[in-house]
Amino acid sequence: MADVGLPHRATRPALDRIPVSRLARLPALPAFQAWAARVPLLRRIVRHEGEAMFDLVAGFCHAQVLQAFVRLRIPPLLLTHRMTAAALAQETEVPLDRMTVLLNAAVALRLIKHRRGYYALTTRGTALAGVPGLQGMIDHHDVLYRDLTDPVAFFRGEMETELAAFWPYVFGAGGATDPAVTARYSQLMAESQALVAADTIAAVNWSGTEHIMDVGGGTGAFLTALGQAEAKPKLTLFDLPAVVPAATSRFADAGFSDRCQIVPGSFRDDPLPTGADMITLVRVLYDHADDTVLALLKSVYAALPTGGRVIVSEPMTGGASPHRAGDAYFALYCMAMRTGRARSASEVQDLMHAAGFARLKTPRARRPFVTSVVTGVKCA
């Protein structure tokens, strides 16, 4: 087996390992588990922990049920009509007995409900049908699933991941050579940008800002949402030349052709345009390694006037308090992409500070599982 950079066990300092007390090990004993299950005060805890453990064990099956549910387009079908299993089976060309299994699984996951022979969406299922980009995100998860088929090799870094090829766009101008790939990337990013844009706009005070430049903003989904929410600031989009046609069309459809300037370029190779008093980086940093991020933040600092602000918005890990969205999903996703990593708000602040920014803040996010925000100011 190849050396993966871990110190040899014999050379590890003694403090690397601290013995666990016997009391802490008690829940691992079958006899203790059987006893706790009979004690009224402990019975609910045992059952709750048991169910939670089984959810972890069965989580892969739950995810596959969700993807089949989406790929068979059941959410839009049930969004307008209650339907029987037979009608859904016919509509999706799935045998009735297998459709029944899928529907029962979706009921168990509280995506749908079953009443008097008809299936209908629950509130959770309706949200799935209506949240922009969510179904597209679920639909492409088969790529991530394949990357995780050997999780030990994945975490040891011993395999080439397919997800990296799925997003060549993030490697820079050289990666965006296939218009079809660029279009697929841009469409999924634009669709999933709605929630991120809404939460970012809600978290930041935009008053007094005259000119906002969005760096790495793709086809302009975030700037369009921001322009609709804030009527005064001038808008500039800076991104690769490959996205210019789609961005031009988006701004024209929104009536922003005169208000929004598009500057093609790569932040890896080109200096950022000056003139904006605020620069936004929405779902950009986690696509890149620390050295690239620091170089970008220094370019942002150079492009801003004194008093100018930078806004970073993207999914972040929990740092010292790991959470499921950032640490058990986005961290793995970024690892599979092999271009960057999910960072905590504190780590983002450290990079911003190293680039020269001060007065760093983390506004309270409405939905941290969607995005978190860090802001900074150029004070000198």
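**Exercise 1. Which residues in α15 meet which residues in α17, and how do the two helices cross?**

Solution. The model is a predicted one, in which local features need pLDDT of at least 70 and side-chain atom pairs count only at pLDDT 80 or more, while totals for chains, interfaces and linings use all residues. Residues are numbered from 1 along each chain as its sequence is written, and side-chain values use heavy atoms, with hydrogens and water left out.

Step 1. Find the contacts, where contact means heavy atoms within 4.5 Å: D290, V293, L294, L297 and K298 of α15 meet L351, M352 and A354 of α17. By class, these residues divide into six nonpolar, no polar and two charged, where Ala, Val, Leu, Ile, Met, Phe, Trp, Tyr, Cys and Pro count as nonpolar, Asp, Glu, Lys and Arg as charged, and the others, Gly among them, as polar.

Step 2. Describe the geometry. Two packed helices are described by the angle between their axes and the distance between the axes. Axes are lines fitted to C-alpha atoms, for helices over the stretch in contact, and the angles run from 0 to 180 degrees between N-to-C directions. The axes of α15 and helix α17 (residues 345–354) come within 8 Å and cross at roughly 50°. That makes α15 oblique to α17, since angles under 35 degrees count as roughly parallel, over 145 as roughly antiparallel, 65 to 115 as roughly perpendicular and the rest as oblique.

Step 3. Assign the hand: the crossing of α15 and α17 is right-handed, the term for a near helix turned clockwise from the far one by less than a right angle, with anticlockwise giving left-handed.

**Exercise 2. Determine how α5 and α6 pack, and describe the residue in the loop between them.**

Solution. Step 1. Helix α5 (residues 85–92) packs with helix α6 (residues 96–108) at an angle of about 110°, their axes being 9 Å apart, and the two helices are therefore roughly perpendicular to each other.

Step 2. In α5, the residues A85, A86, L88, A89 and T92 meet L96, M99, T100 and L103 in α6, a contact that has seven nonpolar, two polar and no charged residues.

Step 3. The loop between α5 and α6 holds E93, which has a positive phi of about 60° although it is not a glycine. Most residues other than glycine have a negative phi. E93 is exposed, with a relative accessible area of 75%, where buried means under 20% relative accessible area, exposed over 50% and partly exposed in between (1.4 Å probe, protein chains only).

**Exercise 3. Is R283 buried or exposed, and where is this residue found?**

Solution. Step 1. R283 is found in the loop between β6 (278–282) and α15 (290–303); helices (H or I, at least four residues) and strands (E, at least two) are DSSP runs, numbered from the N terminus.

Step 2. At 10% relative accessibility, R283 counts as buried, and this residue has a positive phi of about 55° although it is not a glycine.

**Exercise 4. How many disulfides does a search of the whole structure find?**

Solution. Step 1. Taking a disulfide as a pair of cysteine sulfur atoms within 2.5 Å, the search finds zero.

Step 2. Examine the accessibility of two cysteines: C61 is partly exposed, with a relative accessible area of 49%, and C379, at 38%, also counts as partly exposed.
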